Amino acid sequence: MSLLTQHDSDAAALRRGTRRFLFFALLVTVALVAAIVVRQGLFRQTTSYSFVANSAQDIAKGQAVRIAGFRVGAVSEVSLKDDGQVAVTMEIDADHMRFITHDARVELRKEGLVGSATLEIVPGPDKTRLAAAQARLTFSRADGLAALANQVRDEFIPILKDIKLITGALADPDKGLPGTLARIRESSAALNILLANGNRQVEGIGGKAIRVLGKAEDDLGHLGQTLEAANKRLPGMLDRTQQMLDHVEKITAEAEISVPPVLRDGSAVAADVREIVSGAKQTWPIRNMVDAPAPATLKADSDPRGEAGRAR
Amino acid sequence: MRAKSIVLTVLILAGCGSTPKPADPPRLKAALEAESDGAKRYERGDYIVATRRFEEAVRIYASIDDATGTSRNRLHLARTELARGQAEAALLALAGNAGDPTVDTLMLTAQAQLALDRLDAAQRSLAAAAGQCATPCPQLASLNLLRARAALAGGQAPEALAHAEAALKLLRDGNEANETANAWRLIASARLAASDAAGALPAAGAALDIDRRLALPEKIARDWLLIGDIRRKVGDGATAVAYRRALDVANAAGLAEIARAAALSLGATAPGQTAPR
């Protein structure tokens, strides 16, 4: 009896352990599924946008879509249209819709010249209007290595042609480098002759210039002597001038004090004299001796300057 | 001594008893003084100050509405400007009298016009003056002289001579030495222009004598120039002497224009014509 009882208790413990294990396993499984679902964005709110491309090259379903390098969505569908073009639909997180303007464009870029391709949404200049949901954006494909190579080839071919022409012209015996060198040789010979003549003339001018400079030196010597003499006499003259100025200043100062009263006195005296003379003129018997001012008569002179005597 | 005291007493009593002259109003007195002073300066040949004084007189007379005094002083002013050789200024002064032109105004206008070589205008002014100069006309001699000048300027020597001789006749009994000298000078010039150089020389000499007596340097210098011209025409050997005298007088009096003319004439005189007068 006791053995049976012991067996029952062990079996119950085992059943409890098994149930716990199964419960934890279920929890882990649910957590994994939830994580996968969240990671896949099934619970995120998204908005779809589309664009049309000429080719589906480097575009695939699930390909990341970025804005300024940040992943904001993914390509949800790539399908071939009836007209042969490729319609691409993208799912973009609703949180990043504010960056997609109505004039935004989708560019297919490559990381470096040979890296993996990514789709980059480039917002347009007009930030005031956002693109509506389901809007069709314009698409462009960044140049890859082949395009770059083609561009380089297109640039290089005309340059090579020009090089060919230039080298041909340089090789021309008449107009090219040989002819030019021959003409340079001739010119340098003529230049040598010209320089020789110039040297002879400069030597002549130099002789004259030396004579002129010699004369100028003499003149400067005289001038120096004159200035020296003036320099010796000048201090004395300045002293005398200063003395004269001092005298003049003294006289002026004295005159400033004495002259105005004298002038005032003179004016007053003149006024008094005028008054006295005027009064005297009106008194008897002087008034009978002085002619009172009267209307004047000037003597007639039909030719006051004698101009009639001779033609002027 | 007693007689002297009596005479002195009588004189004092007479003075006290005489009626005092009424004094002129101050502005009229100032105008009269300016006019009188201007006339004195004109007589002395101080024409610049005389001009200022006459201008002052004109202004004062005009301010007291004395038309006669204003007009008279405008004539004085014009006469002074003519003596200075400022004929344009003289015409400007006379413009104020143009409303009612007297014989004097017309004659002075003609004189200024002659000085400016406006012969036609001068002839018109003289004709107007002659129309107003009824007999007896005190200005007739001067008018004749101006007509003689105009005729001479117009190249009519016989007519000029006739007017000048008529003027000389009128001046013979008068006391107008200036005009008499002008008449002789015009007669000399007219005779010279009429190729009567021999008759011109004494007339020019008569003018020179009067001008010397009046001590008028400009007229003396011009008389010498005229004498030089006559002598050159006659072929007298003392031509250069006459021009030299003209040059000396002009230089001494500071008459640049006449000095230049004399120097030119002297330079153009032949070396043989330098014998003393």
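In this predicted model, three helices of chain B, namely α2 (26-44), α10 (177-193) and α12 (217-234), each contribute at least two residues to the lining of the second largest pocket. The largest share of that lining, three residues, is supplied by α12(B). The pocket encloses about 570 Å³ of space. Its lining comprises 20 residues, of which Asp301(A), Glu43(B), Tyr47(B), Asn178(B) and Leu216(B) are the closest to the centre.

The interface between the two chains is described next. Contact involves 49 residues of chain B and 23 residues of chain A. The chains bury about 3,100 Å² between them, and 50% of this area lies on carbon and sulfur atoms. Five salt bridges are counted between chain B and chain A; in a salt bridge between Arg305(A) and Glu218(B), the closest N and O atoms are 3.0 Å apart. There are also 12 residue pairs in polar contact between the chains, with both residues at pLDDT 80 or more. On the side of chain B that touches chain A, the helices that each supply at least two residues are α1 (2-17), α2, α4 (67-84), α6 (103-115), α8 (140-153), α10, α12 and α14 (256-268). The largest share of this side, eight residues, comes from α2(B).

The residue classes of the two surfaces are listed below.

| Surface | Nonpolar | Polar | Charged |
|---|---|---|---|
| Lining of the second largest pocket | 11 residues | three residues | six residues |
| Side of chain B that touches chain A | 19 residues | 12 residues | 18 residues |

Methods: Residues numbered from 1 in each chain as written. Chains lettered and ligands numbered in written order. Predicted model: local features only at pLDDT ≥ 70, side-chain atom pairs only at ≥ 80, totals over all residues. Heavy atoms only, no water. 1 Å grid on protein atoms, 1.4 Å probe; cavity = no way out; pocket = protein on both sides within 12 Å on 5 of 7 lines; lining within 4 Å. Points joined across faces, edges and corners; volume = space filled by probe spheres on them. Helix = DSSP H or I, 4+ residues; strand = E, 2+ residues; numbered from the N terminus. Nonpolar A, V, L, I, M, F, W, Y, C, P; charged D, E, K, R; others polar. Contact = heavy atoms within 4.5 Å. Buried area = accessible area lost by both parts, 1.4 Å probe. Salt bridge = Lys/Arg side-chain N within 4 Å of Asp/Glu carboxyl O. Polar contact = N/O pair within 3.5 Å; in protein donor to acceptor, adjacent residues only side chain to side chain.
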